[in-house]
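Reader: I'd like to go through some of the labels used for this model and see what stands behind each one. Could you take me through the reasoning?

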Amino acid sequence: MIEYIVRKRKITLMFFVMVVVVGFLSFLQLPKQESPDIIVNIATVTTIYPGASPEKVEQTVTKKLEEKINELQGLSYISSHSRLGVSTIIVETKSDVDPKQKWDELRKKVKDAEADLPADAQQPIINDDLNRTFVQTMAITADTREQLYSLSSLLKSWKDQLRTIPNVADVTIEGLPEEEVRIEVDTQKLSQYGLTWGQVMMAVKKENERVPLGDLTTDSRTYQLKLAENYDVNALNKVIISRTPEGYPVYLKDIGTVKLTTETVKSYSYYNGKPSVSLSINAETGSDVPSLQRRVDEMMATLEKSLPAWAKKHSIYSQNERVDELFGDLSREMWIAIAAVLLVCTLGLNLITSVVVALAIPISLAVGLLFLPSLGITLNMISIVSLIIVLGILVDDAVVVNDNIERRLSVLGERPLQAAINGANEVSISIVTATLATIASFGPLMFLNGNAGQFIRPVPVIISLTMLASMIMSLTIIPIFRQWYEQRRRSGVEDYRKPAGLLGKQLQQLTKWYAKRLMPRILKRPLLAGMVGVLIGTLAYGLIPFTPVQLFPNDDRPQFLVDIRLPVGSSIDETDRVVRGVSDWIMKQPGIESVASYAGGSAPKMFGGDTSAGEGITVGQLVVRFDKAKVKIDDMMEPWQEEFKKLYPEATILPKQLEAGPPVGKPVVIRLYGEDVATLRTLSEQVKSKVAKIPGTYDVQDDFGIDSYTLEFVVNKELMEQKLVNYNDLSQTLRLVSEGITVSQFDNGTDLLDIKLFLQKGEEDPSLLFQRLTVANARGEQIPLTQLAEVKPTFSTQAIPHRDLSRCVTVSSDVRGRTATEVMQEIKPMLQTLPLPDGYRWEIGGETSEQTEIFIDMGKLSVVVVFLILIMIAMQFYSLSIPVLVLSTVYLAFAGSLIGLFVTQTPLGFMTMMGVISLSGIVVRNGIVLIEFIEEARRDGVELKQAVIQAGEARLRPILLTSFTAVAGLMPLALSGDVLFQPLAVTIIFGLLFSTMLTLIVVPSFYTVLAEGKRKR
């Protein structure tokens, strides 16, 4: 086959040129993104039940929905929170289930449960698009809130226009409350005219709602009938509610006021201290961020002209900036890596040969990239790093083939054509086995489940494709080039004896020393030499307890978050005061570029991972951007936290670094299960106090929260029956004081606005307001509320959490200065001594739970990898001892990695596990080719020890070259790389260097021991 390809080189070259051109065209069309699209297998079901207590929401909404949802197969867990007026259920599918299909089934189950929900409960809303981050978030600022709110219709028009851009999935506006028509009636005037609020409601409803009139058809024509619409809110003032005994009309304006206003503001946002509205743009899955950003910028340039002079647009965050920065850094590292690989090649090869060998890089990459669009893989930081990992390995096959052809030319004195064909043929089986072994080590990663599996999927795909391409290229292009090149320069065998490369002479001397002096000594006592090598490697495993463990590191981007939490019962105005105060303080600090502040909830989701600070009027969050050249993030985190404790002792204020990698949950999560809320609260308090004492923990909290302030109405049931008042009339009257009652919808010509009815309450004390309140009975008489119920101040549960249909409180904590694993090792013994009543239990969740699951999955895959490599090698050598011998190089490589991780204090985590799996594929290549040469020599009748020495002499140079090219390719990533990929580079570099040194001793030693053992048998 190789002979045919070499002889028909024009056809082969044309084919490769075509593939390379098409591959690079595919590369140019690949969408660029920051990180791979992760389809999150989590959905939420949110149901609003206005005014209902957490207990009522739990019994009448949450339980009904949970029971139906639990009928679904393939769910990982169901968790829920029943709060005042709202039920939130989180559903997660198992990682091997297709989420999209499961969410369709979820919708059907929720629809079935709707019939059992209370009549006043709103339709449940299902959100299954939780991890999609915004590609850009903009802030529109003005000097006052009133100015901002006046931009409502303009910003809604912007939203509609931005949605028309291709690949824009959605546009959301935050900080702009919905408009509503607010009717406030005076209770004293209602009493004066002898009216009830129910009469007001019915009069407004009848006046506002129109029935469609339909068509009128005559003999020759059809007429559409319509009433003239009224778009002026003030016209509602003239609605006649009733008439006095004298016959005079009582208008709505006589008993109250009507005004067009915004709904009760529950959130505020600011940009650099100025009131703002956030406009966030969401991209479709697999979109190209740079081209989408260009289209957005073009449209925004036009839309911005319609802003008044007092309003300004600012970009809070743009994913494109991060993409440009990432691709700039990674592209630079890639070019440095290519130059480093080329330089290492020139140490042992002449320049022209080095260039041709280095051609393996663009050719293999082009072929590998050819299939990415059809596999749905985009160009992101993971795929770029995959290319950097594979850079140094791609030239391995080419170096091996070239070196063997060089040996046949110079040492055996063959003609160029024969040397090219024989040289490639001789190593072809080893190269195929070694390449398949490398692919076998990466391939199983494609089957890793969950978020981490989706996150890492480009690595095995790109490496497998490019390695296959590299193998084919080395067995075709290299022999073609060497045959063509040697025929042109051949002037006698003498030329070939000159060592090639910048360090050719030194490499030759090293080879002679290794073959003539070191190997004979080692082979005198091979078992001892091999055992010493293994012992050195085994000692390195003792460093595991001293190496930190962290699943994913903190990100190094120039942004961080500040989470703010106020005590339960605080108003939105109090939260707003603290958020603005913190924002103003931060803006005065050195190196700060901008601060986007949000009071009454979390910031829009701009970054990957779990960035939410929570929801509700007592929550705030800041997105702070700083200049990395002027200030370091570590100098801000803890000092700022201490400063905030002094400035705002009443609030919990926590600066928080962003995490690299996919979302993995809080570092510390402990779940306590049981039925009684009071018992769970007691247990939760015990656990929280113990966790808080452990060094490294901070922000320890549970999801019960502190009890909220409550005004409880103790009803006199007998008197209610006597006065003919029912619970519905009583509760609706009380609701007029709090949330109001939606009467109808007003058409203003562009939108339908809610009309809400309230009782005028002013700024007075709630107890005085309730003293004036009356409830209409069945006869229409006004019964004072004070006769029917007594108002008592009390506290009530803020939320009732469930997990898998049982009541369950979750205690969580962040960690600083230590890893989650270290902290959990101290927490577990403490939990085991916790006295629990019958029917109560605890379990561990969060990052360490996710970490365990991922490590178990990776462990299973590692077993598959080992067996696949064993099978590949066994197929080549038809031996069971040789595969085990070759795999000893993996054992030694991991030992080297552990030394590297310990020395650099790089944590063991997901990316180091990736590095180990990568290593197992890279290091076995050297062992396979070395043993193939020994076997070949022995088949030719060479004595065992002489065969081992000859193979070592022939393979030393290519083994050193291939190892050093891989190290050179990864060095830029290890020295200046992204925090996410540095551990991976460190793992591979140290593992490769250590195993290369020991492989050249251990493999020949143990091979000799095994062969002599077989001979004696």
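Author: Gladly, and bear in mind that the model is predicted. Let's begin with strand β19, residues 652–656, which is mostly covered.

Reader: What makes β19 count as mostly covered?

Author: Of its 5 residues, 4 are buried, and buried means under 20% relative accessible area.

Reader: How do you know that β16 and β19 pair?

Author: Pairing takes at least two bridges, and 5 bridges join β16 to β19, so the two strands pair. They run antiparallel, and R565 stands opposite T652 in β19.

Reader: Just before β16 there is a loop after α20. Why is L543 called buried there?

Author: Its relative accessibility is 19%. The cut-off for buried is under 20%, so L543 counts as buried. Leaving aside neighbours within four places in sequence, L543 is in contact with L898, I899 and F902.

Reader: Now the open sheet, β12-β7-β24-β23. Why are β12 and β23 called its edges?

Author: Each has a single partner strand, so one side of each is left without a neighbour in the sheet. The twist from one strand to the next averages 25°.

Reader: What makes β23 and β24 partners?

Author: They are joined by 6 bridges, and the requirement is at least two, so they pair. These strands run antiparallel, with F746 having L753 in β24 as its bridge partner.

Reader: Which helix lies across β7, β23 and β24?

Author: That is α8, residues 197–208, running at about 20° to β23.

Conventions
Residues numbered from 1 in each chain as written. Predicted model: local features only at pLDDT ≥ 70, side-chain atom pairs only at ≥ 80, totals over all residues. Heavy atoms only, no water. Buried < 20%, exposed > 50% of the residue type's maximum accessible area, 1.4 Å probe, protein only. Contact = heavy atoms within 4.5 Å. Axes fitted to C-alpha atoms, helices over the stretch in contact; angles between N-to-C directions.
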